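This report describes a single protein chain through its sheets, its core and its side-chain links. Please keep the sequence and the structure in view while reading.

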Amino acid sequence: QVQLVESGGGLVQAGGSLRLSCTASGRTFSNDAMGWFRQAPGKEREFVAGFSWSDGSAYYADSVKGRFTISRDNAKNMVDLQMKSLKPEDTAVYYCAASSIRYFSERYYRGVSGYNYWGQGTQVTVSS
């Protein structure tokens, strides 16, 4: 059974930092696309950052570019999200996602339908 488990969420003041971690089990995702999404109350789940399966390159939503960094440790089957200069609008439940689906365009991985494995989410709250 495939499981993705997020950790590292919490409450932080604006301008602060948090590091989220996602540990996968039940499948090796070293050759798969992985990513982070977030969902604020009353809003749709949105893409934050991801890794391409084809060349391992990272890509980001414009709203977090320059502030967030995604990284992965294939040996540990983990993917992290380092978040800096946090803003109140970053407040959301953050989800780790993985995909065994082979799309040949990054744009498919910027949507929830590009992923078939999801974690349960971890809350990030940024106070002003």
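The text below covers the strands, the nonpolar core, the disulfide and the salt bridges.

## The open sheet

The model is predicted. Four strands make up an open sheet, ordered 1-3-8-7, and their pairing is antiparallel. Strand 1 (3-7) and strand 7 (68-73) are the edge strands, each pairing on one side only. On average, neighbouring strands of this sheet are turned by 15° against each other, direction ignored.

At one end of that order, strand 7 pairs with strand 8 (residues 78-83) in the antiparallel sense, over six bridges. Aspartate 73 has methionine 78 of strand 8 as its bridge partner.

## Strand 9 and its partners

Strand 9 (92-99) pairs with strand 4, with strand 11 and with strand 10. With strand 4 the pairing is antiparallel and runs over seven bridges. Tryptophan 36 stands opposite cysteine 96 of strand 9. The antiparallel pairing of strand 9 with strand 11 has three bridges, and here glutamine 123 in strand 11 is the bridge partner of valine 93. Strand 9 also pairs with strand 10 in the antiparallel sense, over two bridges; alanine 97 stands opposite tryptophan 118 in strand 10.

Is strand 9 enclosed by the rest of the structure or not enclosed? Seven of its eight residues are buried, so strand 9 is largely enclosed by the rest of the structure.

## The nonpolar core

In soluble globular proteins, nonpolar side chains tend to be buried together. The largest nonpolar core here has 35 residues, and Trp36, Leu81, Met83 and Tyr94 touch the most other members. Two or more residues each come from strand 3 (18-25), strand 4 (33-39), strand 5 (46-51), strand 6 (58-60), strand 7, strand 8, strand 9 and strand 11 (122-127). Strand 9 gives the largest share of this core, five residues.

What does leucine 81 touch, not counting residues up to four places away in sequence? Its contacts are Leu18, Arg19, Leu20, Trp36, Val48, Ala49, Phe68, Thr69, Ile70 and Tyr94. Trp36 and Tyr94 in that list are also named among the core residues that touch the most other members.

## The disulfide

One disulfide is found in a search of the whole structure. It joins cysteine 22 and cysteine 96, with their sulfur atoms 2.1 Å apart. The link is left-handed, with -75° about the S-S bond. Cysteine 22 lies in strand 3 and cysteine 96 in strand 9, so that the pair links distant parts of the chain, 74 residues apart. Both cysteine 22 and cysteine 96 are buried. Cysteine 96 is also the residue that tryptophan 36 stands opposite.

## Salt bridges

The structure holds eight salt bridges. Three of these pairs are listed below.

| Acidic residue | Basic residue | N to O distance |
|---|---|---|
| Aspartate 32 | Arginine 102 | 3.0 Å |
| Aspartate 62 | Lysine 65 | 3.2 Å |
| Aspartate 90 | Arginine 67 | 2.8 Å |

The salt bridge of arginine 102 and aspartate 32 links distant parts of the chain, 70 residues apart: arginine 102 is in the loop between strand 9 and strand 10 (117-118), and aspartate 32 is in the loop between strand 3 and strand 4. Arginine 102 is partly exposed because its relative accessible area is 36%, whereas aspartate 32 counts as buried at 2% relative accessibility.

Aspartate 62, the partner of lysine 65, has a relative accessible area of 65% and is therefore exposed, the cut-off being over 50%.

The third pair is formed by aspartate 90 and arginine 67. Aspartate 90 lies in the loop between strand 8 and strand 9, and arginine 67 in the loop between strand 6 and strand 7, so their salt bridge ties together parts 23 residues apart in sequence. Aspartate 90 and arginine 67 are both buried. Which residues are linked with them in a network of salt bridges? Arg38 and Glu46 belong to this network together with Arg67 and Asp90.

How values were computed:
Residues are numbered from 1 along each chain as its sequence is written. This is a predicted model: local features need pLDDT of at least 70, side-chain atom pairs count only at pLDDT 80 or more; totals for chains, interfaces and linings use all residues. Side-chain values use heavy atoms; hydrogens and water are left out. Two strands pair if DSSP finds at least two bridges between them. Axes are lines fitted to C-alpha atoms, for helices over the stretch in contact, and angles run from 0 to 180 degrees between N-to-C directions. A nonpolar core is a set of buried Ala, Val, Leu, Ile, Met, Phe, Trp, Tyr and Cys residues joined through side-chain atoms within 4.5 Å. Buried means under 20% relative accessible area, exposed over 50%, partly exposed in between (1.4 Å probe, protein chains only). Contact means heavy atoms within 4.5 Å. A salt bridge is a side-chain nitrogen of Lys or Arg within 4 Å of a carboxyl oxygen of Asp or Glu. A disulfide is a pair of cysteine sulfur atoms within 2.5 Å.
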